[in-house]
Each structure stands twice: as C-alpha cells, then as structure tokens.
Amino acid sequence: MSRVALVTGGSRGIGAAISTALKDAGYKVAATYAGNDEKAAAFTAETGIKTYKWNVGDYDACAAGVKQITDDLGPVEILVNNAGITRDAPFHKMTPQQWHECIDTNLNGVFNMTHNVWGGMRERKFGRIVTISSINGQKGQFAQANYAATKAGDIGFTKSLAQEGARAGITVNIVAPGYINTEMMSTIPEKVMNEVILPQIPVGRLGEAEEIARAVKFLVSDDAGFVTGSTLSANGGQYMS
Ligand code: CAA
C-alpha cells in the first residue's frame, strides 16, 4: 500500500516540486497552502494532488487539518515541513511583526505540524519527517536575522527529534537548499542577485526546485532508514558545512 505524504506549502515553488515528485514516486500526497486559492486550484487541476488550506502557525488548525487528511487518505506517514516565508530587512529596520511572522510560520509551524503527526508515527513505528531549512540558517544572511534564526532553529529541532524518534522507526532530517529559482527570489533586488549572490555560487546558477525535491524523495523513502538527524545541503557549493 502506498504511503501518505503531507507537504506543507506544497502547491507552489519548492513545495510543489516535492508534492509532484512524491506523487510520481507512488505516494498518496496531500499539499497544504496558506493563502493563494487560485494557485492551489490550478495546482490540483494540473497534478490531481488534493490541497488543504490552513495556516501552519495555528496549532489547532494543524490538528484539524491532519485529522481531515487522515480521514481522506489514511494516517500521515511522511511529513515534509516546507512552508516558509521571508520578511527581509536589515536588523535596525526589522519590526517585531516581521520577526514574529517568520517565527510563527517557519519555526512554530514546524512544531505544530510535527507534534500533530508524531504520536501516530510512534504508535505505528514508522515515520519520515523532512524539514526544509536553508543555507541561510547555516551561515546567516544580511537582512535575515529573523529567517536565519528560524532555519537554524529547525536544524536543532531536527537533531533533537532524530534522537527521540530513532527507536520508534521515525527518521527526522533536514534539507538545506541554497538559492533556488522560485518566486521567493523575486523579493531580492536584481543588483543584489547579480552582483552579490550569484558570484558566490560555484556552480554559477540558481538551483531548480526539482533538485530539492529529489533530495527529499530520497530521505522519505523506506531505503533511507539509517539516515537520521542529518542536514543535506543542496546549494551549488555556496556553503560547505
Ligand atoms: N548581502 C550584502 N549586502 C546586501 C545584501 C546581501 N544579501 N542585500 C542587500 N545588501 C546591501 C545593499 O546592496 C545595500 O547596500 P548599499 O547601500 O551599499 O547600496 C544595502 O544592503 C541596503 O541597505 P538598505 O538600508 O537600503 O536596505 P533596505 O531597507 O532597502 O532593504 C533589502 C533592502 C531587504 C536588504 C534588500 O536588499 C534584499 O532583499 N536583499 C536580499 C537579502 C537576501 O539575500 N535575502 C535572501 C532571500 S532568499 C531566501 O531567503 C531563500 C533561501 O532560503 C536561500
């Protein structure tokens, strides 16, 4: 029987590539999204992947959403914590709101989702959790004190849960993308992209969402049972940790 995979932020960008790759690999996939109904409907029409709308920053909404997906598809055996936002600003200009929005989605969202599937995974003695961190959680980034803090937090969270999940057959891992060719890049001024960021990437290009999806596909597979607590960097050589 094919396993059920839940991908947060799974209807756009890297998340859409992950949802599609997992569906193509034979998983039953549910994708969540927070706001863009039009994109989500188009994604479902194109791929046949069902989408569910809620804010991962809301614990009760996560609990209800996981229950709905369980009713529709079966117990969630694979969770991909992909939903993430940026609210870039140099720190002297960063507002408490920009700080809290990042924490709510990128870090509290990971707690809220993982907590709501963890018990079932422990009972069934199987689980795969992959959280999408970022190169900027590993190295820090100008104008991203908020985002980098959450993405570094995701790594500490993952290393801790990997230890707790090990004896219950649950692996917990990170994929840390570098700069990937998605809509998120459109917030970066062209001058900064061309003069600051691209020259730092040894392969000389942005990554593609499908390249991240292939890394996730490996980590959620039954074959990856001995890989846990790891951070798989996919950044074109921009940062080697
Ligand atoms: N590295 C170094 N310098 C940077 C920089 C960067 N990444 N981004 C901006 N700067 C510089 C600018 O060139 C500018 O310098 P000058 O004054 O010498 O021209 C200065 O910082 C901008 O200062 P301002 O006070 O004018 O900044 P602002 O209030 O207008 O904010 C900004 C602009 C939000 C910082 C904007 O430049 C920006 O978005 N920069 C990109 C930040 C970035 O790299 N974010 C990563 C997004 S990708 C992502 O998050 C996905 C992932 O996981 C990899």
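A polar contact is a pair of N or O atoms within 3.5 Å; within protein, one must be able to donate a hydrogen and the other to accept it. The views below are all taken from a predicted model.

**View 1. Surroundings of S133, in the loop between β5 (127–132) and α5 (135–139).** The side chain of S133 reaches the backbone oxygen of K151 at 2.9 Å. With a relative accessibility of 2%, S133 counts as buried, because buried means under 20% relative accessible area. Beyond its neighbours within four places in sequence, S133 is in contact with K151 and I155, and also with I174, V175, A176 and P177.

**View 2. Q144 and its polar contact with D88.** Q144 is placed in the loop between α5 and α6. The two side chains, of Q144 and D88, make their polar contact at 3.0 Å. The relative accessible area of Q144 is 4%, so this residue is buried. When neighbours within four places in sequence are left aside, the contacts of Q144 are T86, D88, A89, N136 and A149.

**View 3. Two non-glycine residues with positive phi, K125 and A143.** Most residues other than glycine have a negative phi. In K125, phi is positive and near 60 degrees. This residue, K125, is found in the loop between α4 and β5, and at 53% relative accessibility K125 counts as exposed. A143 has a positive phi of about 75 degrees. The loop that holds A143 runs between α5 and α6 (145–165). A143 is buried, its relative accessible area being 18%.

**View 4. R124 in helix α4 (residues 96–124).** The C-alpha atoms of R124 and P75 are 9.4 Å apart in space, while the two residues are 49 residues apart in sequence. R124 is in contact with P75, V76 and E77, leaving aside its neighbours within four places in sequence. A relative accessible area of 37% makes R124 partly exposed.

**View 5. The largest nonpolar core, with 26 residues.** In soluble globular proteins, nonpolar side chains tend to be buried together. Within this core, I18, L22, V80, V175, V216 and V220 touch the most other members. At least two residues of the core come from each of β1 (4–7), α1 (13–24), β2 (28–33), β4 (78–81), β5 and α8 (209–220). The element that gives the most is α8, with 7 residues. A second, separate core has 24 residues, among them C62, L79, A83 and V172. Not counting residues up to four places away in sequence, V80 touches L6, V7, T8, I18 and L22, together with V130, I132, V216 and V220.

**View 6. Packing of α1 against α8.** Two packed helices are described by the angle between their axes and the distance between the axes. For α1 and α8, the angle is about 50 degrees and the axes are 8 Å apart. The two helices, α1 and α8, are therefore oblique to each other. The crossing of α1 past α8 is right-handed. On α1 the contact is made by G13, I14, A17, I18, A21 and L22; on α8 it is made by A209, E210, I212, A213, V216, K217 and V220.

**View 7. Packing of α3 (residues 59–73) against α4.** The axes of α3 and α4 are 9 Å apart, and the helices pack at an angle of about 40 degrees. This pair, α3 and α4, is therefore oblique. In passing α4, α3 makes a right-handed crossing. From α3 the contact uses Y59, C62, A63 and V66, and from α4 it uses F111, N112, M113, H115, N116 and V117.

**View 8. Packing of α4 against α6.** At an angle of about 15 degrees, with axes 8 Å apart, α4 packs with α6. The helices α4 and α6 are therefore roughly parallel to each other, because angles under 35 degrees count as roughly parallel. The crossing of α4 past α6 is right-handed. The residues of α4 that make the contact include Q98, W99, C102, I103 and N106. Those of α6 include A145, N146, Y147, A149, T150 and K151. K151 of α6 is also the residue whose backbone oxygen is reached by the side chain of S133.

Conventions
Residues are numbered from 1 along each chain as its sequence is written. This is a predicted model: local features need pLDDT of at least 70, side-chain atom pairs count only at pLDDT 80 or more; totals for chains, interfaces and linings use all residues. Side-chain values use heavy atoms; hydrogens and water are left out. Helices (H or I, at least four residues) and strands (E, at least two) are DSSP runs, numbered from the N terminus. Buried means under 20% relative accessible area, exposed over 50%, partly exposed in between (1.4 Å probe, protein chains only). Contact means heavy atoms within 4.5 Å. A nonpolar core is a set of buried Ala, Val, Leu, Ile, Met, Phe, Trp, Tyr and Cys residues joined through side-chain atoms within 4.5 Å. Axes are lines fitted to C-alpha atoms, for helices over the stretch in contact, and angles run from 0 to 180 degrees between N-to-C directions. Angles under 35 degrees count as roughly parallel, over 145 as roughly antiparallel, 65 to 115 as roughly perpendicular and the rest as oblique. A crossing is left-handed if the near helix is turned anticlockwise from the far one by less than a right angle, and right-handed if clockwise.
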